[in-house]
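Biologist: I'd love a close look at one helix of this protein, with its surroundings for context. Could you walk me through it in plain terms, cut-offs included?

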Amino acid sequence: MTSPSKTIEDNSITYIYDKFTGKKIENIYLEHGQRPEIMFNVESISGSLDVFIQDEYGKTVYENYDIQSGEFLVELSRAGDYKVILNAEDHVGSYNMTWSLPKASSDEYVNPYENLAGGKWLKANFHTHAGTGPGTCGVNPQDVVIETYKQLGYELLTISNHDIFTDTSNYTDDKILMIPGVEYSPSSKGHMLTIGITQSLHEHTNQKAIEMTNEMGGFVVLAHPNWGRQGYWPLNELLSLKGYIGIEVINQLIYRLSGSGLATNAWDFLLSRGKLVYGFGNDDLHALGDAGRSFNIIYCKERTWESMKEAIDNGQFVASTGLYPEYLVLDGDTIRVKASYPIDTYVDTFTYRFIENGKVLSEQTAREGVYKLNGEKYVRVEVIGENGAMLFFQPVYLKDTLVKP
Ligand SMILES: [Zn+2]
Ligand SMILES: [Zn+2]
């Protein structure tokens, strides 16, 4: 997608290339007061890549040969200057090294769902194909698709066709607000939802299209990260792109295509590297039966673009396949969380999972989920209902440890 490219940040280097042969040396300073460790993520398609690490005296303190795709953590004995030597032969892929993650400025946690008042939860789908005619993804007429979403109780909807803007503004009425958008989808580039804009940006690179969307007041969600294979969106590319607001953690269309519609692996990968990325759920509707299978529920003061955008910027929404949020509160350092079905029902017990870095810290089946925070950089909550429906809350995190990409 964006190869070759080299992205250097204060605490991270990402190098994506067509082919790399030879040697590269990266100089890294591991700060005192931080854990002396380097997280690596290597994507190896072919060829070989070896990694060596030397300390400030030139002594080799780590070696790893012919590295396969995956993450690994190198723990060093102390802070200081290190040389990371990468030796490659015809290596096709990429590498990322991340170290000295941002430190919390206090022991205060940020809860995006704090102080929600005066608004209401609105159901939203930002990924829908419609109205582009026979033989296309948007084979169903716009009016039929929009009416279907209205019947399902949606109040915010984007018709996001491939590389073409479809104007649906005159469908906005007192039940639904149509949100403009396009699915950026040139071949060989990763698909992205460019929301809040009225033109296609497919002639630009992914990075440029994100920047242009933001400049026009919109936001970008990276689509179906595991469509076809794990790493449709390569993890190192997710790390090097800047300015997007989130990823589709659930896109149920993919379960009719190939790969996986779930992308919690990519989400935890980014969160554990300090990137504040939000999780979205979208239908990616192609056939009418795709409607209502994964969605967002956004806490909006009013049903307006401005209210919705503010809520999204602040993470005041959830991704869902059928459950609704009751609350997620921080009671001192204890998370209390509750989900519900959006119907009149006696069902009041759900399975709550508290997750950090892809690991389940606690799983409880109860009327309410309760978890006492203990210095975790972030904790996110997933909920599962009796019919397998899920709910994904945005992370609660230690102030300043997560930063928007
Ligand atoms: Zn797509
Ligand atoms: Zn699509």
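**A helix and its surroundings**

Modeller: Happy to. The domain assignment splits the protein into domain 1 (5-99) and domain 2 (120-398), with bounds that come from an automatic or database domain assignment. Please keep in mind that this is a predicted model, in which local features need pLDDT of at least 70 and side-chain atom pairs count only at pLDDT 80 or more, while totals for chains, interfaces and linings use all residues. Residues are numbered from 1 along each chain as its sequence is written, and chains are lettered from A and ligands numbered from 1 in the order in which they are written.

The helix I would pick is H5 (residues 305-313). Helices (H or I, at least four residues) and strands (E, at least two) are DSSP runs, numbered from the N terminus. Met308, Ala311 and Ile312 of H5 are buried, meaning that 20 or more other C-beta atoms lie within 10 Å of their own; 12 or fewer would make a residue exposed, anything in between partly exposed, and C-beta atoms are placed from the backbone. Viewed down the axis of H5, these buried residues fall within an arc of 100°, so they line one face of the helix; the arc is that of the directions from the helix axis to the C-beta atoms. Glu306 and Asp313, on the other side of H5, are exposed.

What lies over the buried residues? The cover includes strand S9 (156-157), S13, strand S16 (295-300) and strand S17 (317-320). Just after H5, glycine 315 takes a positive phi of about 70°.

One of those covering strands, S13, leads us to a sheet. Five strands form this open sheet in the order S11-S12-S13-S14-S15, with mixed pairing; two strands pair if DSSP finds at least two bridges between them. At the edges are strand S11 (181-184) and strand S15 (278-282), each pairing on one side only. On average, and with direction ignored, neighbouring strands of this sheet are turned by 30° against each other. Helix H2 (residues 206-215) packs on the sheet and touches S11, strand S12 (192-195) and S13, its direction making about 20° with that of S12. Axes here are lines fitted to C-alpha atoms, for helices over the stretch in contact, and angles run from 0 to 180 degrees between N-to-C directions. Contact between two residues means that their C-beta atoms, placed from the backbone, lie within 7 Å. S13 (residues 219-222) pairs with strand S14 (residues 246-251) in the parallel sense over two bridges, and the bridge partner of leucine 222 in S14 is isoleucine 247.

Further along the chain, three strands form another open sheet, S18-S19-S22, with antiparallel pairing. Its edges are strand S18 (324-331) and strand S22 (369-372). S18 and strand S19 (residues 334-340) pair over seven bridges, with aspartate 331 standing opposite threonine 334.

Finally, the wider setting. The centres of domain 1 and domain 2, taken over C-alpha atoms, are 33 Å apart, and twelve residues of domain 1 are in contact with seven residues of domain 2. On the domain 1 side, strand S6 (80-99) is among the elements that give two or more residues, and S6 supplies the largest share, four residues.
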